[in-house]
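Grab a pencil and open the viewer. Below are some exercises, each with a solution that goes step by step.

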Amino acid sequence: MTKGLRKGLTSYGDAGFSLFLRKAFIKAAGYSDDALDRPIVGITNTHSDYNPCHGNAPQLIEAVKRGVMLAGGMPMVFPTISIAESFAHPTSMFLRNLMAMDTEEMVRAQPMDAVVIIGGCDKTLPAQIMAAASVDLPTIVVPVGPMVVGHHKGEVLGACTDCRRLWGMHRAGEIDAEEIEVVNGRLAPSVGTCMVMGTASTMACVTEALGLSLPMSASIPAPHAERIRSAEASGRRAAELAVAGGPRPSELLTPAAFRNAAVVMQAIGGSTNGVIHLSAIAARTKHRLDLDLVDQLGRKVPVLVDLKPSGAHYMEHFHHAGGVPKLLKQLGDLIDGAAMTVSGRTLGEIAAAAEDVPGQDVIRPRDNPIKAEGSMAMLGGNLAPRGAVIKQAAATQRLLQHTGRAVVFESVEDMTNRIDDPDLDVTADDVLVLRNAGPKGAPGMPEAGYLPIPKKLGRQGVKDMVRISDARMSGTAFGTIVLHMTPESAVGGPLALVRSGDMIRLDVAGRRIDLLVDEAELAARRAALPPPERPAWAKRGYARLFHDSVLQADEGCDFDFLVAEDGA
C-alpha cells in the first residue's frame, strides 16, 4: 500500500517525475529527506479570527504536531474553511456541507496516511466527521473544548443558555440596557465552545461515544493544560494509526457505535441538532440512523447529566465529575461495551477505567436521574408525516399535552416584524407557528425555532409557550418547542397548510403533532398551494447547489449526491 509522500501523486504522465517535483517543492520549506520519508499525519487548521470557539486551535495544532513527531511521524497542517455559529450568514447549517466537501477533498487531494481533525463550533465537528467517513482514512478527532464559566452578581453564567434567559428578561423589562451590556461581557469569558449542553458539547460527547476521539476529550475545558496534553496524545495516536493503517472510520462507525451515540445523546440532555448531524454522519456510511430507534431509546434512557439547559451545571463540572467515561459507566448495559474506539480500547474498557469522584452530583446514577426519559422525543402526526423532534428534557411539563390556536408567521422576517406588535392576536395558550424556515425555505434551516415570547406576554410573566416550526433550535435553548417539521413547508409540507385560528394538538406521550382540520379542507388548501419556484437567493454558486441538492431534516440535510449507497 502506497504511503507517505508517494501517496496520491499529481498526474503529469510520469510518476517518477511527479514524486521528484513534489519533493523539490516541499524541500523549499526546509524539510529533510529523513522527515519526508516518515508516515504523514495531516492536521486540519480551522482557526479563524471570526471564530473565537476555535481560538485555541493554534495551541492544539502545535501539541498535535509534537505528539506526531514524538511517535516518529511527520505532521503536515492544512487549512479548511471555518464556521462560527454567530458569524455565519445566513446560518452555519447552510455552510456545513460546504465544509464537509472542503475537508473531504483536501484530505483526498494531499498525501497523508492519517488525519487529525480539530474543531468544535456547532457544525464543524459534524462536517469534519462526515468528510472523514466518506474518505475512510484513519482519523482521530480533537475537539477544541468548552469555555470556562462566567459570573455575574454571584450567579454562575454560561453561553448561551443564559444568553437566552437573560435576553428574555431584558425583553420583558426585568433587566435594563446598562446591565444587559455588563452581562454581555461576562457570558463568554474564554475561547472555546459553549459550556452548556448545546450542539457543540453534544457533538463532542457523541464523537467520543462513536469512538473517534480519546477518552475525556469531549469535556476538557478549552483553556486547560489538560486540553493541550490530550491534543499531544491524539497526535501520538494518529502517528500510530498512520503506520498501522487503521482502525479506519468504517471499522468504528458501526450500527453499535451509532446506537451508543444515540444513547449518550439522550442521556446528556443533548441538542436536537444532534439528530440531524448524526443522521448525516450515518448516511455517509453504509448504515443509517433509525429515528424510531432514537425515540425508543428516549423512552428508556434517562437524562443522567445535570447540565443546562436541561439541568443546572456546566461542562467543566461534567468534566471534573468524570466526563463521558463516567457517564458510560453509569449507563451500564444500555451501552454496547464491545464497540471499538480509535484509542485501541473498547468503550466498555474505557467505562471500566472511569474515575470515581466522591460526592459529585453532575453525572447521576440510573436510579436517580435528572429526567426519567431521554432528552428528545420524535413526533409524527399529520403535521409531521416524516417526523419532528422536541427536546422534552428542556420543555415545560404541563405543555407536553396541549391543544391551542395557531398563530402563524410566514417567515423569519414576518415573525421579526410582528411578534412584538401590541395588536398581535395572541394569548399564552396559543401555538406559535413559524414556516418557510427549513433547509430550502430560509435558506439553511436557521436556529429560528426558538420563537421569542411576544413582548406583551413576556411582560405578563409568560415564560413558555408551545412553538412549532420547520426550523432548528440551538441546543442551548429551552422551552416547549417542536422542530424539524418534515417535509418542510417550502416543498409543500403540511406546515404550509396551517392558517391562523386552526387548532393544533401536541401529544408528546403519544408522539404526535396534529392539525385539527378535516382532510377535505386540507386537500383543498393543498390544491391551492402555488408551485415551488427557485428563489432569488438560489440563482447561482453554492446557494444554487444547496437549494437543488439539500435533503430534508430526517435525512440529515446532507446533499443528495454525497450520501453513501445502502450497503456500499
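**Exercise 1.** How are helix 4 and helix 5 oriented to each other: roughly parallel, roughly antiparallel, roughly perpendicular or oblique?

*Solution.* Before starting, note that this is a predicted model, where local features need pLDDT of at least 70 and side-chain atom pairs count only at pLDDT 80 or more, while totals for chains, interfaces and linings use all residues. Residues are numbered from 1 along each chain as its sequence is written, and side-chain values use heavy atoms, with hydrogens and water left out.

Step 1: find the elements. Helices (H or I, at least four residues) and strands (E, at least two) are DSSP runs, numbered from the N terminus. Helix 4 covers residues 92–109 and helix 5 covers residues 124–135.

Step 2: get the angle. Axes are lines fitted to C-alpha atoms, for helices over the stretch in contact, and angles run from 0 to 180 degrees between N-to-C directions. Here the two axes come within 8 Å and cross at roughly 40°.

Step 3: pick the class. Under 35 degrees is roughly parallel, over 145 roughly antiparallel, 65 to 115 roughly perpendicular, and the rest oblique. Helix 4 and helix 5 are therefore oblique to each other.

**Exercise 2.** Work out which residues make the contact of helix 4 with helix 5, and what kinds they are.

*Solution.* Step 1: contact means heavy atoms within 4.5 Å. Helix 4 brings residues including Met99, Ala100 and Val107, and among those from helix 5 are Ala127, Met130 and Ala131.

Step 2: sort them. Ala, Val, Leu, Ile, Met, Phe, Trp, Tyr, Cys and Pro count as nonpolar, Asp, Glu, Lys and Arg as charged, and the others, Gly among them, as polar. You end up with eight nonpolar, five polar and three charged residues.

**Exercise 3.** Describe the sheet with the order 2-1-3-4 and say which strands stand at its edges.

*Solution.* Step 1: two strands pair if DSSP finds at least two bridges between them. The sheet is open, has four strands and pairs in parallel.

Step 2: look for the ends. Strand 2 and strand 4 (139–143) each have a single partner strand, so one side of each is left without a neighbour in the sheet. From one strand to the next, the twist averages 20°.

Step 3: check the pairs. Six bridges link strand 1 (residues 40–45) to strand 2 (residues 74–79) in the parallel sense; Val41, for one, has Pro75 as its bridge partner in strand 2. To get across, the chain goes from strand 1 through helix 3 (residues 57–70) to strand 2, a right-handed β-α-β crossover (with the strands pointing away from the viewer, the path from the first strand over the helix to the second runs clockwise). Strand 3 (residues 114–119) pairs with strand 4 over five bridges, also in the parallel sense, and Ile117 stands opposite Val141 of strand 4.

Step 4: add a helix. Helix 5 lies across strand 1, strand 3 and strand 4, at about 165° to strand 3.

**Exercise 4.** Which strands are at the edges of the open sheet of eight strands?

*Solution.* Step 1: write down the order, 7-8-12-11-10-9-13-14, with mixed pairing.

Step 2: read off the edges, strand 7 (377–379) and strand 14 (512–515), each pairing on one side only.

Step 3: zoom in on one pair. Strand 10 (residues 431–434) and strand 11 (residues 466–469) run parallel, joined by four bridges, with Val431 opposite Val466.

**Exercise 5.** Where is the cis peptide bond from Ala442 to Pro443?

*Solution.* Step 1: its omega is near 5°. Step 2: Pro443 lies in the loop between strand 10 and helix 18 (455–458).
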